[in-house]
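This briefing sets out selected features of the structure shown below, grouped by topic. It is written to be read alongside the sequence and the coordinates.

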Amino acid sequence: MNNVRPVAYAYLYVAPDADDDTSWRLEAELRRYADDQGFDLAGLFYEDITGCFASWEALRQELRQVNAHHVIVPSFST
């Protein structure tokens, strides 16, 4: 039996003034979510500058390079 799980990546924005605990909590939640959905979380890509998409572009390149198709993007409602 093949138990290989598909990989997923995560992309999120973290406010520049967020403390380390917030970043660690978000990462832990994303890892837990990916696991619950049956994915191995292969990497996290963060933006911390509004309007900057350097990490998004790096994620796109990674997806193409490894032929991955799943990205987890958290939604935050206020």
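The buried residues of helix α2 are Ser55, Leu59 and Leu63. The model described here is a predicted one. Viewed along the axis of α2, these buried residues lie within an arc of 80°, so they line one face of the helix. The points below begin with this helix and then turn to the cores, the aromatic pairs and two individual positions.

**Helix α2**

- The buried residues of α2 pack against three strands, namely β1, β2 and β3 (71-72).
- On the other side of the helix, Ala54, Arg64 and Gln65 are exposed.
- Helix α2 consists of 13 residues and reaches 19 Å from its first C-alpha to its last, which is close to the 18 Å expected at 1.5 Å a residue.
- Asn67, just after α2, adopts a positive phi of about 55°.

**Nonpolar cores**

- In soluble globular proteins, nonpolar side chains tend to be buried together.
- The largest nonpolar core of this model has 11 residues: Ala8, Ala10, Leu12, Val14, Leu26, Leu30, Ala34, Phe39, Leu41, Leu44 and Ile72.
- Two or more residues of this core come from each of β1 (7-13), α1 and β2 (40-47).
- A second, separate core has 6 residues, among them Tyr9, Tyr11, Leu59 and Ala68.
- Ala10, a member of the largest core, is in contact with Leu30, Leu41, Gly43, Leu44, Phe45 and Ile72, leaving aside neighbours within four places in sequence.
- Leu59 thus appears both among the buried residues of α2 and in the second core.

**Aromatic pairs**

- The structure holds 2 aromatic pairs.
- Tyr9 and Phe45 form a tilted pair, with 6.0 Å centre to centre and 50° between the planes.
- Tyr9 lies in strand β1 and Phe45 in strand β2, so this pair ties together parts that are 36 residues apart in sequence.
- Both partners are buried: Tyr9 has a relative accessibility of 5%, and Phe45 has a relative accessible area of 16%.
- Tyr11 and Trp56 form an edge-to-face pair, with 4.9 Å centre to centre and 70° between the planes.
- This pair links distant parts of the chain, since Tyr11 is in strand β1 and Trp56 in helix α2, 45 residues apart.
- Tyr11 counts as buried because its relative accessibility is 11%, under the 20% limit.
- Trp56 counts as partly exposed because its relative accessibility is 32%, which lies between the limits of 20% and 50%.

**Ser23 in helix α1**

- Ser23 is located in helix α1 (residues 20-36).
- Ser23 is buried, because its relative accessible area of 19% is under the 20% limit.
- Not counting residues up to four places away in sequence, Ser23 touches Val14 and Tyr46; Val14 belongs to the largest nonpolar core.

**Asp48 in the loop after β2**

- Asp48 is found in the loop between β2 and α2 (54-66).
- With a relative accessible area of 43%, Asp48 is partly exposed.
- Asp48 is in contact with Tyr13, Val14 and Pro16, leaving aside neighbours within four places in sequence.
- The C-alpha atoms of Asp48 and Pro16 are separated by 5.2 Å, although the two residues are 32 residues apart along the chain.
- Val14 is therefore listed among the contacts of Ser23 as well as those of Asp48, because heavy atoms within 4.5 Å count as a contact.

Technical notes: Residues are numbered from 1 along each chain as its sequence is written. Side-chain values use heavy atoms; hydrogens and water are left out. Helices (H or I, at least four residues) and strands (E, at least two) are DSSP runs, numbered from the N terminus. Buried means under 20% relative accessible area, exposed over 50%, partly exposed in between (1.4 Å probe, protein chains only). A nonpolar core is a set of buried Ala, Val, Leu, Ile, Met, Phe, Trp, Tyr and Cys residues joined through side-chain atoms within 4.5 Å. The expected span of a helix is 1.5 Å times one less than its number of residues. The arc is that of the directions from the helix axis to the C-beta atoms. Rings of Phe, Tyr and Trp (its six-membered ring) pair if their centres lie within 6.5 Å; planes under 30 degrees apart count as stacked, over 60 as edge-to-face and the rest as tilted.
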